[in-house]
Each structure stands twice: as C-alpha cells, then as structure tokens.
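Visitor: Hi, could you walk me through this one? I'd like to hear about the fold and any empty spaces.

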Amino acid sequence: MGVTDPTLLAFDTSGPHIAGAVLHQDAVIAERQVEMARGQAEGLFPLLETLLTEASLTWQDLHGIAVGIGPGNFTGIRISVAAARGLALGLGIPSIGVSNFELLLDPMGPLAEPALLLSLEAPRGQAYVQHFRYGIAQSPPRLIDPSAPPADLELPINMRVMGHHAQQIAAPFHANWQAARPQEIGPRMVRRAEWRLAQAGKALPRPAPLYARAADAAPARDAPPEIVG
C-alpha cells in the first residue's frame with residue numbers, strides 16, 4: 001500500500017451491535033460499540049460519521065476500510081460487507097475483511113502463536129472453529145459440536161485451543177486451552193487490518209461473508225448471492 005501509519009476505519013455488524021473504530025498515526029483515536037438487535041442498516045452510517053467527527057477526520061483522509069466478515073448473523077454481515085465494498089470503491093482505497101476468529105488473536109503480536117485452534121459461539125450450542133498458524137488461517141472454518149469434537153481436527157501436541165468452550169474441545173486431544181471471546185471489537189479489528197495491510201505483498205481480495213460448514217455437511221447446490229461493488 002505504500003503508506004506508513006495508515007488511517008483506517010473499521011466497523012462490524014456481525015452480531016447484535018454496531019462496532020467501529022478509527023486508527024490514525026498508530027493510535028486508536030475513536031471507538032464506539034452500540035448494542036442493538038435490529039436497525040444496523042439504518043444506524044451504521046450515522047455511527048461512522050460520528051467516529052470520523054470525533055477523530056477530526058473526513059472520508060478522504062482514510063487509507064483503508066476494515067470490515068467484519070463473520071461468522072455471525074447473515075444479514076448483519078452482508079450489511080457491513082456491502083457498505084465496505086461501496087466505500088472502498090467510491091474512495092479508491094482498499095477494503096480489508098477481518099473475521100471474528102482474528103479478533104481472538106493478540107492484536108499487537110499475532111505472529112507469537114505457532115498453532116491455535118480458535119473457537120467461536122455458534123447457534124444451538126455448537127461452535128465455529130478454525131486453525132491458525134502464526135496469525136494466518138490454515139483451514140476453512142467449520143461447525144462442530146464442542147461436546148464431541150471430530151477426530152479429524154488433528155490437534156498437534158503444541159496446539160492451543162482458544163475461545164468458546166475451549167476446555168471441552170481441547171479435552172479429547174489433551175491440548176492446552178484458554179477461554180476467550182471477541183471483545184474490543186472495533187479496536188482489535190482496526191489493528192488486525194493494519195497488520196494485514198503491512199503483510200500484504202499484493203492487492204488484498206475484496207471482503208466477502210465468511211461461512212462455516214458442518215463437518216459432515218454436503219456443499220450447497222447454489223452459489224451464495226454476489227455482492228456488487
């Protein structure tokens with residue numbers, strides 16, 4: 001990207017909230033999280049305008065847009081992803097998709113962990129899980145029953161399970177574990193996006209909703225609808 005200390009705006013509506021943050025000169029200078037079960041589409045841009053006003057910045061000052069891609073609420077994710085793509089296109093800046101798994105990583109040192117299985121809460125008592133190595137996803141996310149994790153998760157002896165029901169998932173594999181959940185969503189997202197931009201050797205792919213599949217699920221017959229922009 002060729003920008004030192006980029007100015008970034010991050011936002012997420014993958015859960016019952018609107019979360020956002022602004023990074024400027026290597027500091028998070030504005031952040032908000034408003035809990036709401038409905039109304040994210042109407043509330044998103046007013047909150048983003050508030051963040052920019054608090055940061056004394058304009059849309060033209062931004063070097064990039066970070067957006068939450070889930071997994072989470074289907075409609076909420078599509079609201080944010082569509083907004084991020086449109087903003088990036090209109091402003092001529094990159095957009096960076098950040099998953100909820102990535103919010104569990106240390107935002108200041110994602111390269112510190114050689115092997116992690118990250119776990120997020122899913123509906124009906126299940127869990128979304130994904131393998132990471134040195135801050136990079138190593139497999140597609142999947143949906144599991146944390147009380148009976150499938151044997152093919154293949155947790156090596158040095159792997160740590162972190163997140164939702166971590167102890168339950170780690171127990172059959174005798175792995176280390178740490179309970180955690182996504183928090184400080186806006187600040188962690190904008191820091192992760194900063195790291196992703198610094199690591200990118202080429203243009204980043206446009207953000208798209210992140211879907212998790214069950215371990216024994218058949219692939220969908222129809223492709224997901226395209227998000228224009």
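Guide: Happy to; we can go through confidence, the sheet, the pockets and a few backbone details.

Visitor: Great. What is the mean pLDDT, and what share of residues reach 70 or more?

Guide: This is a predicted model. Its mean pLDDT is 90, and 91% of the residues reach 70 or more.

Visitor: And where is the pLDDT below 50?

Guide: That happens over residues 217-222. Beyond near neighbours in sequence, the stretch has zero contacts in the model. Where pLDDT is low, predicted coordinates should not be read in detail.

Visitor: Okay, on to the sheet. In what order do the strands come?

Guide: The order is 3-2-1-4-5, five strands in an open sheet with mixed pairing. Strand 3 and strand 5 (95-98) are the edges, each pairing on one side only. From one strand to the next, the twist averages 15°.

Visitor: Do tell me about strand 4: in which sense does it pair with strand 5, parallel or antiparallel?

Guide: Parallel, over four bridges, with strand 4 covering residues 64-68. At the residue level, Gly68 stands opposite Val98 of strand 5.

Visitor: Which strands does helix 1 lie across?

Guide: Helix 1, residues 40-54, lies across strand 1 (8-12), strand 2 (17-24) and strand 3. The helix runs at about 25° to strand 2.

Visitor: Let's switch to pockets. How much space lies in the largest one?

Guide: About 530 Å³. The largest pocket is lined by 23 residues, and the closest to its centre are His17, Asn100, Leu120, Glu121 and Pro182.

Visitor: Which elements give two or more residues to that lining?

Guide: Those are strand 3 (27-35) and strand 6 (116-121). Strand 6 gives the most, with three residues.

Visitor: How does the lining of the largest pocket divide by residue type?

Guide: Into nine nonpolar, nine polar and five charged residues.

Visitor: And the second largest pocket, what is its volume?

Guide: About 380 Å³ of space lies there. The second largest pocket has 21 lining residues, with Ile69, Gly97, Glu102, Ala137 and Arg196 the closest to its centre.

Visitor: Which elements supply at least two residues each there?

Guide: Strand 7 (127-133), strand 8 (136-137) and helix 4 (185-199) do. Helix 4 has the largest share, four residues. By type, the lining of the second largest pocket splits into 12 nonpolar, five polar and four charged residues.

Visitor: What about closed spaces: how many cavities of 30 Å³ or more turn up?

Guide: One, from a search of the whole structure. About 50 Å³ of space lies in this largest cavity.

Visitor: Which residues line the largest cavity?

Guide: From one part of the sequence come Glu102, Leu103, Leu105, Asp106, Pro107 and Pro110, and they are joined by Arg188, Arg191, Arg192 and Trp195. That lining has five nonpolar residues, five charged and no polar.

Visitor: Last topic, the backbone. Where is the cis peptide bond?

Guide: Between Gly70 and Pro71, with omega about 5°. Pro71 is in the loop between strand 4 and helix 2 (74-91).

Visitor: And what is phi for Gln25?

Guide: Near 50°, a positive value in a residue other than glycine. Gln25 is in the loop between strand 2 and strand 3. For context, most residues other than glycine have a negative phi, and most peptide bonds are trans.

Visitor: Thanks, that gives me plenty to look at!

How values were computed:
Residues numbered from 1 in each chain as written. Predicted model: local features only at pLDDT ≥ 70, side-chain atom pairs only at ≥ 80, totals over all residues. Heavy atoms only, no water. 1 Å grid on protein atoms, 1.4 Å probe; cavity = no way out; pocket = protein on both sides within 12 Å on 5 of 7 lines; lining within 4 Å. Points joined across faces, edges and corners; volume = space filled by probe spheres on them. Nonpolar A, V, L, I, M, F, W, Y, C, P; charged D, E, K, R; others polar. pLDDT = per-residue confidence, 0-100. Contact = heavy atoms within 4.5 Å. Pairing = 2+ DSSP bridges. Axes fitted to C-alpha atoms, helices over the stretch in contact; angles between N-to-C directions.
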